[in-house]
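Student: I am new to this structure. Could we go through some of the terms used for it, with reasons?

Tutor: Gladly. Here it is.

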There are 2 protein chains.
Amino acid sequence: MKLYDFCRSSAAFRVRIALNLKGLSAEREFIHLRRNDQSTPEYLAVNPQGLVPALVDEGETLIQSLAIIEYLDETHGEPPLLPGHPADRARVRALAQIVACDIHPIDNLRVLRYLSKEFGQDEKGIERWFNHWIAEGFRAFEALIADNEQTGEFCHGDTPGLADICLYPQVVNSQRYSLDLSPYPTLKRIFDTCSKLPAFIKARPENQPDAE
Amino acid sequence: MKLYDFCRSSAAFRVRIALNLKGLSAEREFIHLRRNDQSTPEYLAVNPQGLVPALVDEGETLIQSLAIIEYLDETHGEPPLLPGHPADRARVRALAQIVACDIHPIDNLRVLRYLSKEFGQDEKGIERWFNHWIAEGFRAFEALIADNEQTGEFCHGDTPGLADICLYPQVVNSQRYSLDLSPYPTLKRIFDTCSKLPAFIKARPENQPDAE
């Protein structure tokens with residue numbers, strides 16, 4: 001397997017955690033997003049979307065972090081990253097998608113660049129935008145996991161899964177503009193629990209070979 | 001089953017298509033997003049995220065359109081909305097997520113409202129933003145489906161599935177500011193094919209009981 005990766009990409013961070021939880025390793029190629037490596041013809045031939053991550057396995061190039069993680073879960077069953085019952089799977093996927101659809105893409109580098117270049121937003125405007133969408137998502141995330149009997153040590157039960165894999169990088173990301181996490185105590189507790197696990201620690205941006 | 005729906009929500013539109021393809025029907029409750037029905041305490045108790053759709057089935061409330069559609073596919077197998085092989089499933093999910101993660105949430109009503117109210121963008125700025133993110137996503141989507149042997153009458157093979165379910169409402173949405181579709185001929189061909197199917201036609205905004 002080969003992973004096209006960037007230390008500071010939250011979406012790539014998710015795939016790194018999933019690989020670690022599965023005990024899988026991948027060759028790595030680093031696509032430096034701030035230097036626009038993602039816009040070279042070479043990388044666009046790998047992923048026409050010009051985003052990371054991309055994973056090459058058995059000759060197939062896979063993109064989109066959630067699709068990649070479900071693929072890893074379907075091809076390497078242990079430990080499972082989704083529960084077995086359809087309604088439980090839907091709960092975990094929905095939590096993951098609150099982050100992966102409704103927070104992260106709105107706060108992604110390319111969007112922040114557009115706000116700055118096209119709409120003339122300064123650092124203060126960007127910070128307000130950035131934290132607004134995280135807070136909106138975390139409020140809903142917290143409401144769904146607090147006082148829910150399916151929440152355990154992790155978002156769903158007592159083993160880490162797809163929801164935790166999406167939550168963890170988003171919380172790390174929220175530290176960029178020092179978002180106050182006190183309104184989200186359950187989310188914070190789960191983040192702290194994940195923070196003790198090697199699979200999550202090893203995947204952190206500062207622990208990557210391309211960290212600056 | 002009960003679907004919390006809004007005629008003009010692209011995410012709800014996806015679930016309507018999936019229900020139609022599966023031959024399932026659901027009781028409907030309409031949450032008028034422009035009148036802020038989604039922010040009432042009653043609806044926030046259903047979906048703390050304050051978005052549509054939400055689906056109630058067998059006492060469980062499910063949110064996030066992709067999670068709901070995968071649930072429907074797992075609980076009502078025929079016709080399948082995802083192929084059988086993991087790499088093929090990843091391809092279809094990635095196409096779906098290009099729309100559901102990287103186009104639609106950035107162009108969603110709540111985001112456009114923020115740009116208008118907080119950043120003072122006028123209709124012209126909103127239009128530029130709206131079409132920019134659709135064009136970015138459609139460019140990648142087209143590159144992935146053009147000249148790909150797995151593309152058939154639909155995005156993957158000759159039966160409609162999850163990728164088509166996400167693509168179709170996004171193309172309808174792109175007509176809001178008359179985006180030129182000529183750079184995306186394969187995408188346009190698949191849209192036209194879907195446009196002839198009752199499952200897609202019946203799900204269109206103008207064919208809903210809450211259409212204005």
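Tutor: Start in chain B. The charged end of Arg176(B) sits over the ring of Phe130(B), 5.1 Å from the ring's centre. Keep in mind that this is a predicted model.

Student: What makes the distance for Arg176(B) fit the word "over"?

Tutor: CZ of Arg must be within 6 Å of the ring centre and within 35 degrees of the ring normal. The distance of 5.1 Å for Arg176(B) fits the first limit. Chain A has such a case too: the charged end of Arg176(A) lies over the ring of Phe130(A), 5.1 Å from its centre.

Student: Why is the pair of Phe130(A) and Tyr177(A) called edge-to-face?

Tutor: Two rings pair if their centres lie within 6.5 Å, and planes over 60 degrees apart count as edge-to-face. Here the centres are 5.2 Å apart and the planes stand at 75 degrees. Therefore the pair is edge-to-face. By this rule there are 23 aromatic pairs over all chains.

Student: Where in the chain do Phe130(A) and Tyr177(A) lie?

Tutor: Phe130(A) is in helix H6 of chain A, and Tyr177(A) is in the loop between helices H7 and H8 of chain A. They are 47 residues apart, so the pair links distant parts of the chain.

Student: How do you know whether Phe130(A) is buried or exposed?

Tutor: Buried means under 20% relative accessible area. Phe130(A) has 0%, so it is buried. Tyr177(A), at 11%, counts as buried as well.

Student: Why is the pair of Tyr4(B) and Tyr43(B) called tilted?

Tutor: Stacked needs planes under 30 degrees apart, edge-to-face needs over 60, and the rest are tilted. The planes of Tyr4(B) and Tyr43(B) are at 55 degrees, with centres 5.5 Å apart, so this pair is tilted. Tyr4(B) lies in strand S1 of chain B and Tyr43(B) in helix H2 of chain B, so the pair ties together parts 39 residues apart in sequence. Both residues are buried.

Student: What makes S2 and S4 of chain A edge strands?

Tutor: Each pairs on one side only. The open sheet has four strands in the order S2-S1-S3-S4 (chain A), with mixed pairing.

Student: How do you know that S3 and S4 of chain A pair?

Tutor: Pairing takes at least two bridges. S3(A) and S4(A) have four, in the antiparallel sense, so they pair. Within S4(A), Ile63(A) is the bridge partner of Ala54(A).

Conventions
Residues numbered from 1 in each chain as written. Chains lettered and ligands numbered in written order. Predicted model: local features only at pLDDT ≥ 70, side-chain atom pairs only at ≥ 80, totals over all residues. Heavy atoms only, no water. Helix = DSSP H or I, 4+ residues; strand = E, 2+ residues; numbered from the N terminus. Phe/Tyr/Trp six-rings, centres within 6.5 Å; stacked < 30°, edge-to-face > 60°. Buried < 20%, exposed > 50% of the residue type's maximum accessible area, 1.4 Å probe, protein only.
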